[in-house]
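Here is a walk through one protein model, from charged side-chain pairs to a helix contact. Keep the structure open as you read.

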Amino acid sequence: MGDVKTILAIDGGGLFGVGVADWIPKLGSRMFDCYAGTSVGSILAACYAIGLEPLKVQEMFNSGLARRIFTKPRLPWRLNWFRPAIYDNKEAQKVLEEVFGDRRVEDVKDGCSLVIVAWNYKKRKEKVFTSDKCNNRYLMRDAVLASMSAPSFFPIVRLLEEDGNPECLGDGGVCGNDPSLAGVAALREGILRNGVVEKIQTRHIKCLSIGTSGVPREKKKFNVFWKLGWLQVVTDIIAQGNASYTSYGVSHLLDDRYLRVSPEGLPDSKMDNFKLLPEIRKVWAEWDHTAAVNFLGEAVQ
């Protein structure tokens with residue numbers, strides 16, 4: 001592929017990310033130049049960026065990682081309405097510490113970059129962590145926790161900026177559920193290789209974008225009969241809406257150097273419905289990987 005730099009961008013999507021973890025090993029052991037992730041995609045991207053093999057990551061996700069992350073606080077049911085979120089992030093913090101330890105965002109394997117997308121509630125703008133340049137001194141586990149803290153599902157993550165000012169961070173799906181654009185921007189701003197910052201021109205960038213849960217609404221009736229009914233769909237609308245818009249923009253920016261893949265037939269459900277996990281995994285297991293492998297310029301194994 002010459003001097004073309006490749007990006008693997010993975011959407012957020014909660015439990016739908018388990019299917020992606022199952023599917024990625026089909027791409028072989030190839031190394032991407034940049035791993036970009038949002039929410040559950042940030043967990044996967046960070047794992048690959050620190051050098052964990054796809055099969056190892058798949059094993060981690062299948063060993064109960066998701067169930068540990070989605071842990072509810074042990075409170076009397078009468079107090080449920082007073083919780084800041086459905087799930088407690090204390091167990092999630094333990095999981096991320098076990099996986100990433102005290103690594104910082106900059107601590108990735110040689111020859112690759114990491115991009116994690118989160119949202120800054122106080123500044124009302126994106127918070128992008130990149131291993132090469134921007135916000136790279138944060139603990140990797142903190143950046144991932146922020147990126148995966150979806151509104152109403154997990155509490156706001158409170159960190160200190162590099163200058164010591166407090167900040168309130170949350171799910172990157174609010175602004176960039178498809179992290180492709182953040183990946184492209186990071187390469188254009190410059191990647192650090194052998195102590196030298198190299199800025200990559202757009203025509204030398206190739207991006208494989210993986211949508212975790214993009215299900216066409218026409219397959220299911222869409223009705224909101226009362227005002228509070230919007231609460232059930234608003235998170236999905238925000239995440240899938242900005243992901244679709246990002247895909248639209250990046251596809252025109254990169255043209256045939258951009259491929260967006262997402263299997264048809266995924267269940268249209270909340271991102272924490274464990275009952276549908278076998279169906280999610282089945283759909284991803286049956287999804288043909290030939291187009292993605294050919295796009296990357298390798299022979300199908």
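**Salt bridges and a helix crossing**

Ten salt bridges turn up in a search of the whole structure. The model is a predicted one. Three of the pairs are followed here, and then a contact between two helices.

Start with aspartate 102 and arginine 141. Their side chains meet in a salt bridge, at 2.9 Å from N to O. Aspartate 102 sits in the loop between helix 4 (90-100) and strand 3 (113-120), and arginine 141 sits in helix 5 (residues 140-148). The two are 39 residues apart, so this pair links distant parts of the chain. Is each partner buried or exposed? Aspartate 102 counts as exposed because its relative accessibility is 58%, and exposed means over 50%. Arginine 141 counts as buried because its value is 17%, and the limit for buried is under 20%.

Next comes arginine 137 with glutamate 106. The closest N and O atoms of this salt bridge are 2.3 Å apart. Arginine 137 lies in the loop between strand 4 (125-130) and helix 5, and glutamate 106 in the loop between helix 4 and strand 3, so the bridge ties together parts that are 31 residues apart in sequence. Arginine 137 is partly exposed, at 43% relative accessibility. Glutamate 106 is partly exposed too, with a relative accessible area of 28%.

The third pair is arginine 260 and aspartate 178. Their closest N and O atoms are 3.4 Å apart. Arginine 260 belongs to strand 10 (residues 258-261), while aspartate 178 is in the loop between helix 6 (173-176) and helix 7 (180-189). The pair links distant parts of the chain, 82 residues apart. Arginine 260 is partly exposed, with a relative accessible area of 27%. Aspartate 178 is buried, at 2%. Which residues do shared partners join here? Salt bridges with partners in common connect Asp11, Asp178 and Arg260 into one network.

Now turn to the helices. Helix 1 (residues 16-23) and helix 9 (residues 277-286) have axes that come within 8 Å and cross at roughly 35°. The crossing of helix 1 past helix 9 is right-handed. Which residues meet there? On the helix 1 side they are Phe16, Val18, Gly19, Val20, Asp22 and Trp23. Helix 9 brings Leu277, Ile280, Arg281 and Trp284. The residues of this contact divide into seven nonpolar, one polar and two charged.

Conventions:
Residues numbered from 1 in each chain as written. Predicted model: local features only at pLDDT ≥ 70, side-chain atom pairs only at ≥ 80, totals over all residues. Heavy atoms only, no water. Salt bridge = Lys/Arg side-chain N within 4 Å of Asp/Glu carboxyl O. Helix = DSSP H or I, 4+ residues; strand = E, 2+ residues; numbered from the N terminus. Buried < 20%, exposed > 50% of the residue type's maximum accessible area, 1.4 Å probe, protein only. Axes fitted to C-alpha atoms, helices over the stretch in contact; angles between N-to-C directions. Left-handed = near helix turned anticlockwise from the far one by under 90°. Contact = heavy atoms within 4.5 Å. Nonpolar A, V, L, I, M, F, W, Y, C, P; charged D, E, K, R; others polar.
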